Amino acid sequence: MRENPLENIVFCKKCVESNQRFMGSIQHLDTKDNIKQRASIDDGICGACKYFESKKKINWAEREKELIEILNKHRRKDGTYDVLIPGSGGKDSIYLSHILKYKYKMNPLTVTWAPHIYTDIGWHNFQAWQKMGFNNELHTPNPLIHRKLTKLAFVNILHPFQPFVLGQANLAPKLALEKKINLIIYGDAYFEKGVGGNLYSISGHVNKALFHTNSEDLYFGGIHITELEKYKISKNDIYPYMPLKNKEREIEKLTVLNLPYYLNYNPQSNFYYASENSDFKVNPYRSEGTYTKYASLDDKLDNLHFYTWFIKTGRGRATEDAALEVRNGIITRKEAVALIKKYDGEFPNRYFKEILEYLDLSEENFHKIIDSFRPQHIWKKNKDKWELKQAVWMKN
Ligand SMILES: [Zn+2]
C-alpha cells in the first residue's frame, strides 16, 4: 500500500473524469516516478470540460487562417519535406497527415516509434496509412534495451509505457533537425482529454522547453541515469530516449504545433475520416478495459498500460474514453457511468501470456508488483478481493 497526498477523490460533475488522473507525465525526468501533476477539478468541473466550454467561442475560420499562414511560411517547392508528422497509423495520424498533404498541399514525412509488440490490426493500419501516399521513417528501438527499460519502469514505477512515451516524444525533434525539417505537427487531442500538462501551451505551439534539458540528473524507469550501467544499459543505449540538450540550440529553429488548436475535430469524426480515406480497420471486438474499438490498437502492451493507470488512480481506459465522448456529446453522462461500471479496470487477459514473457515475470510476481502500487485511499481488500473505495458509479 502506498500513501498519497491527494486522498480526497472527486469526479467531474459534467463528464466523469477523476481528480486522480495523472497529467503531464511525459518529460518530467527529474523525478523518480516521472509525474508532477494531477487533474484539477474546481467547482466540480474538470479542466477538459472547461476547455470544451471555451471551445464554443472559438472562431475556427480565424484559426484555420492562422494555420495556413504558418504552413505557407514553411512550404517548400524544391521537393524536400516541409513538415514532420509523428504518428502510429491510428485515426488521428491518418486524419492529420491526409489533410496536410491533400488539402493544404504540404510535403510531409511521417515518423513512427514502433510499438513494443505490434498487433495484427496495428500493423495493418500502419501499412494502410503509408498506402495513402506517405513516406515514413519507422524507428524500431533496440529490443533488448527497450525490454529492459520497460521492465524497470514496470517494476519500479508501474509505468511500463514510460520508455515508449519518452522515445516517441524525443524522436521527432531529433529527426526533424537531422532532416532539416523546421515544422513538426502533432494531432493528439491532449486538451480535449485534459492532459498534456505544460507540454501544450494554449497558443497552439508545443512547449519546446520540455524537449531539451541541461540536466544530467534524470531518471529512466525509476533508475538514475548514472546507475543504468548496473543494468547493462549504456549511454549509447539510452540516447534514443534522451531529450535534446540545451546546448543543441537548434531546437529554436523548430516550429512545433498542436493541430487541435487550429482545427475543430473529435475522435469520432477522425474515425469516420480515416475509414473513408484509408483501409483503416477497427478491431472486431472491443478493447479490454473499455467499450470502444477504434483507439490505441497497435501495441499488445496497450491494455497493460491502461490497467496500470487504473491500479494507480482508480480510473481506467473506459473513464478516459467515456469522458471524452460525453464532452463531445456522443454519449450522456448517465451512459458513461454505466459503461465505466461495466468495463473500467478489466484485466488485460488477451495478451497476458505475451506480456509476462516480454517483462520476463512470473504471474505471481506480476500480481505482487501490481498490488504493491495500489494506493490505500483508492483500494480496500474485501476478503481476497480488491475493491475500489470510491467510483463514479457508487453513490457518495
Ligand atoms: Zn469534466
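Is Leu138 buried, exposed or partly exposed, and at what relative accessibility? In the predicted model examined here, Leu138 has a relative accessibility of 34% and therefore counts as partly exposed, since the intermediate class covers what is neither under 20% nor over 50% relative accessible area. The residue belongs to strand S7, which spans residues 135-139. When neighbours within four places in sequence are set aside, the contacts of Leu138 are with Thr112, Ala114, Tyr118, Trp123 and Phe126. A further pairing across the sequence is that of Leu138 with Thr110, for which a separation of 28 residues along the chain corresponds to a C-alpha to C-alpha distance of 8.6 Å.

For the protein chain as a whole, 14 helices and 15 strands are assigned, and 57% of the 396 residues are buried. Of the contacts that link residues at least 6 apart in sequence, 76% are between residues at least 24 apart.

The zinc ion has as its protein donors the SG atoms of Cys12, Cys15, Cys46 and Cys49, which lie 2.3 Å from the ion. The spacing of these donor residues along the sequence follows the pattern C-x2-C-x30-C-x2-C. The angles among the four donor atoms run from 103 to 115°, and the site is tetrahedral; for four tetrahedral donors, the ideal angle at a metal is 109.5 degrees. Two of the donor residues may be described further in terms of accessibility: Cys46 is buried, with a relative accessible area of 2%, and Cys49, at 5% relative accessibility, is likewise counted as buried.

Helix packing was examined for two pairs that involve helix H13 (residues 352-359). Two packed helices are described by the angle between their axes and by the distance between those axes. In the pair formed with helix H5 (residues 143-157), the packing angle is about 100° and the axes are 9 Å apart, so that H5 and H13 are roughly perpendicular to each other. The contact brings His146, Arg147, Thr150, Lys151 and Phe154 of H5 together with Glu357, Tyr358 and Leu359 of H13, and by class it comprises three nonpolar, two polar and three charged residues.

In the pair formed by H13 with helix H14 (residues 363-372), the axes cross at roughly 85° and come within 10 Å of each other, and H13 is therefore roughly perpendicular to H14. Here Phe352, Ile355 and Leu356 of H13 meet Glu363, Phe366 and His367 of H14, a set that divides into four nonpolar residues, one polar residue and one charged residue.

Two loop residues connected with these helices have backbone values that deserve mention. Leu158, which is located in the loop between H5 and helix H6 (162-179), has a positive phi of about 45° although it is not a glycine, and this leucine is buried, with a relative accessible area of 0%. Asp360, which is located in the loop between H13 and H14, also is not a glycine and has a positive phi of about 55°. In contrast to the buried Leu158, Asp360 is exposed, with a relative accessible area of 57%.

Conventions. Residues numbered from 1 in each chain as written. Predicted model: local features only at pLDDT ≥ 70, side-chain atom pairs only at ≥ 80, totals over all residues. Heavy atoms only, no water. Axes fitted to C-alpha atoms, helices over the stretch in contact; angles between N-to-C directions. Helix = DSSP H or I, 4+ residues; strand = E, 2+ residues; numbered from the N terminus. Parallel < 35°, antiparallel > 145°, perpendicular 65-115°, else oblique. Contact = heavy atoms within 4.5 Å. Nonpolar A, V, L, I, M, F, W, Y, C, P; charged D, E, K, R; others polar. Donors = N, O, S within 2.8 Å, 3.2 Å for Na, K, Ca; no water. Tetrahedral: all angles 85-135°; square planar, octahedral: opposite > 155°, others 65-115°. Buried < 20%, exposed > 50% of the residue type's maximum accessible area, 1.4 Å probe, protein only.
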